[in-house]
Amino acid sequence: MISLAGRDILHGWGKFVLTGVGLGLLIGVTLSMAGVYRGMVDDAQALLDNSHADLWVVQKDTLGPYAEPSSLPEDSERPIQAMRGVAQAAGVTYLTMQIAQGDKDVRVMVVGTEMGEPGMPGQPTHLIAGRQIVRGHYEAVADIKSGFAIGDRVKVRRNFYTVVGLTSRMVSSGGDPMLFLSLKDAQAAQFQKDSDAIVRQRARTEANPQLNPPGNPAVAAAVNAVQSGSTNVNAVLVTITPDADPDIVANAIRRWQRLTVYTRAEMEEILVQKLIANSARQIAMFLVILSIVSAAIVAFIIYTMTIGKIREIAVLKLIGTRNRTISWMILQQALGLGLIGFVVGKIAASLWAPFFPKFVLLLPADRSGAFLRSC
Amino acid sequence: MADGITLENVVKTYGNGDTAVHALRGVNMSVAKGEVVGLIGPSGSGKSTLLKCLGAVIEPSSGKMTIGDQCIYDNGWKVRDLRALRRDLIGFIFQAPYLIPFLDVTDNVALLPMLAGKPNAAARKMAHDLLDALDVGHRAAAMPSQLSGGEQQRVAIARALINRPPVILADEPTAPLDGQRALAVVALLNDMAQQFDTAIIIVTHDEKIIPTFKRLYNIREGLTVEEIPKGISLPASAVALFESDTARDKV
């Protein structure tokens with residue numbers, strides 16, 4: 001028996017292929033939208049993965065450091081370090097800011113990490129070029145997405161930093177590339193006041209007799225020194241020993257240090273369920289609508305193709321063609337269209353994904369779903 | 001002559017009660033193998049209903065229908081697979097050729113034996129032989145859109161004949177044709193009826209061809225009346241007519 005579907009496709013292959021390509025572009029949009037949604041969730045999870053932390057210790061009663069501001073003394077890490085089950089503890093600062101990159105501005109998350117022994121929580125991972133920060137000041141490691149190259153000079157606040165290493169997929173929950181500085185440099189960038197503010201602060205201190213007692217200028221000098229800098233961090237990242245239970249260690253820190261502690265699961269919930277929830281739900285909602293519209297368009301194309309052949313189908317039925325032969329012909333054409341649509345959609349989505357400002361994650365499961373919808 | 005198709009007291013009623021429409025009120029007709037008969041009647045007389053019953057497209061309300069020795073309907077279908085019945089025992093020719101546009105001439109004709117389970121090569125051989133007999137063998141590889149109207153109608157006739165059905169139903173096959181072509185088609189159908197021992201029923205309004213029938217059924221208000229038309233002689237060679245027809249198409 002000849003292939004009726006094959007002959008029909010060959011008879012009008014141009015129209016068939018064009019329909020498939022049109023369908024493919026639609027599938028490409030659907031795939032990309034799914035990729036944007038997956039990318040948002042993946043960015044949030046990448047942030048946690050790249051922190052290399054088991055516990056996040058933050059200011060009491062805050063959802064810090066990603067969802068809310070959090071500030072705690074740098075030396076909070078020392079008692080934590082001494083607790084049972086804690087392998088490493090390191091202070092970290094996060095500051096999202098706009099910095100100049102060539103002629104344009106780029107939004108980055110400036111991360112201050114301790115430059116002690118390698119493998120400390122918070123340090124940049126996924127280094128693809130260059131090296132880690134080894135000097136205490138004026139070195140930076142940038143994510144490649146920021147557009148910086150090794151040797152570039154980056155200005156953060158008042159100081160310039162030289163890019164000595166590049167990472168990949170080190171992004172904030174919002175998809176902004178990370179720029180790693182030493183903790184001291186990052187604290188200066190985050191907390192240091194500008195010159196005018198310092199001058200005004202000194203004037204206020206000198207005018208206050210309690211802070212500037214007559215005959216004892218050392219008191220005012222001490223107060224000024226405290227006010228012009230900060231040794232705070234936004235969080236202390238903790239790794240635990242292999243035999244420790246994260247919940248038990250977290251409870252101990254909460255009890256004895258009177259700080260808020262989040263485990264990996266709790267932090268993931270904060271990021272995915274709270275921080276990116278609305279935008280992710282928005283994208284997911286759009287994706288659902290787009291999927292329904294795509295399915296409706298596919299159904300309409302198949303319906304139009306079938307209606308266009310209604311006379312031939314009537315003749316085929318009258319001369320004794322079985323219904324299943326006719327159904328198989330329509331199904332084969334739908335499968336053919338789906339296949340062309342899927343291939344074009346996959347190629348299109350892969351081609352334009354790098355041009356999206358945020359990470360687009362194309363998962364095989366989404367591709368399979370798109371293929372099924374297109375068929 | 002042996003019976004091709006016989007109808008005894010076939011009734012078809014649409015709806016029931018006060019709104020019932022009696023399309024056929026007890027039709028009797030018989031067409032022998034090798035015979036071509038005409039079926040005429042005004043609009044609404046029941047022609048289409050009768051043709052659909054003959055073609056096993058709709059089920060009569062009562063009566064009996066026989067094709068050859070096989071009773072296909074006796075107050076209920078006696079054949080389980082009506083699709084196979086239409087494929088194997090009945091050929092259809094329509095007002096327009098209605099060829100499948102995405103199949104070439106050979107496959108348009110060979111499709112029926114293929115559907116009946118014949119191997120592709122054997123089905124195509126049968127189609128080629130029949131197309132040669134109908135003088136369109138030279139267009140076997142062409143697509144329907146590349147054929148003239150006369151050639152398309154001959155391919156449609158070949159498709160109706162390919163399975164050697166005992167009955168062919170032709171629904172106004174000459175309606176779109178001029179006088180010369182219409183007579184050529186009837187002559188060809190007469191030739192084929194003789195050659196393939198097939199009973200052919202032609203439903204028509206065409207005044208030009210009505211006198212050519214040796215027997216005619218006139219259907220009025222759901223009842224058939226057999227008439228003997230005046231009878232005019234058809235051209236000796238239908239093929240010769242088609243040749244001139246094809247030559248005109250080419251010009």
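**Entry 1: a bridge within a helix**

I began with D129(B) and K125(B), whose side chains form a salt bridge with 2.9 Å from N to O. I noted that the two residues sit 4 apart in helix α4 of chain B, which is about one turn of that helix. D129(B) has a relative accessible area of 40%, so I put it down as partly exposed. A reminder to myself: this is a predicted model.

**Entry 2: R154(B) and its partners**

Next I went to R154(B), in helix α5 (residues 149-161) of chain B. Is R154(B) buried or exposed? Its relative accessible area is 1%, so I count R154(B) as buried. I then looked up what its side chain meets. D135(B) makes a salt bridge with R154(B), and their closest N and O atoms are 4.0 Å apart. This pair links distant parts of the chain, as D135(B) belongs to the loop between α4 and α5 of chain B and R154(B) to helix α5, 19 residues apart. D135(B) comes out at 25% relative accessibility and is therefore partly exposed.

Backbone oxygens take part here too. For L134(B), I found the backbone oxygen 3.3 Å from a polar atom of the R154(B) side chain. For D135(B), the backbone oxygen is 3.4 Å from a polar atom of that side chain. So D135(B) is listed with R154(B) both through a salt bridge and through its backbone oxygen.

**Entry 3: a bridge in chain A**

I counted salt bridges over all chains and got 18. One of them joins E74(A) to K184(A), with the closest N and O atoms 3.4 Å apart. E74(A) is in the loop between β2 (72-73) and α3 (77-81) of chain A, and K184(A) is in helix α4 (residues 183-191), so the pair ties together parts that are 110 residues apart in sequence. How do the two ends compare in exposure? E74(A) is buried at 17% relative accessibility, while K184(A) is partly exposed at 45%.

**Entry 4: where the chains meet**

I turned to the interface and found 21 residues of chain B in contact with 19 residues of chain A. The two chains bury about 2,000 Å² between them, and 68% of that is on carbon and sulfur atoms. Which three residues of chain B supply more of its buried area than any other three? They are R83(B), F102(B) and L115(B), which give 34% of the area that chain B buries against chain A.

I also looked for charged and polar pairs. The rule finds 2 salt bridges across the interface. I looked up D81(B) with R322(A), a salt bridge whose closest N and O atoms are 3.7 Å apart. There are 6 residue pairs in polar contact across the interface. On the side of chain B that touches chain A, the elements giving two or more residues are α2 (82-89), α3 (105-115) and α4 (120-133). The largest share, 5 residues, comes from α3(B). By class, I tallied 13 nonpolar, 1 polar and 7 charged residues on this side of chain B. I also wrote down a network in which salt bridges with shared partners join R7(A), D107(B) and R124(B).

**Entry 5: the overall form of chain A**

For chain A, I listed 12 helices and 12 strands. The radius of gyration is 30 Å, well over the 21 Å that the globule rule gives for 375 residues, so chain A is more spread out than a compact globule. Along the principal axes, its C-alpha atoms fill a box of roughly 115 × 50 × 40 Å. Buried residues account for 46% of the 375 in this chain. Of the chain A contacts between residues at least 6 apart in sequence, 73% join residues at least 24 apart.

**Entry 6: two positive phi values and a glycine**

I checked phi for R258(A) and found a value near 55°, positive in a residue other than glycine. R258(A) is in the loop between α7 (246-257) and β12 (260-263) of chain A, and its 57% relative accessibility makes it exposed. D197(B) also has a positive phi near 55°. I located D197(B) in the loop between α6 (179-196) and β8 (199-203) of chain B, and at 42% relative accessibility D197(B) is partly exposed.

Last, I looked at G46(B), in the loop between β3 (36-40) and α1 (47-54) of chain B. G46(B) counts as buried at 10% relative accessibility. Leaving out residues up to four places away in sequence, I found that G46(B) touches A23(B), L24(B) and I219(B).

Terms used:
Residues numbered from 1 in each chain as written. Chains lettered and ligands numbered in written order. Predicted model: local features only at pLDDT ≥ 70, side-chain atom pairs only at ≥ 80, totals over all residues. Heavy atoms only, no water. Contact = heavy atoms within 4.5 Å. Buried area = accessible area lost by both parts, 1.4 Å probe. Polar contact = N/O pair within 3.5 Å; in protein donor to acceptor, adjacent residues only side chain to side chain. Nonpolar A, V, L, I, M, F, W, Y, C, P; charged D, E, K, R; others polar. Buried < 20%, exposed > 50% of the residue type's maximum accessible area, 1.4 Å probe, protein only. Rg over C-alpha atoms; globule rule 2.2 N^0.38 Å.
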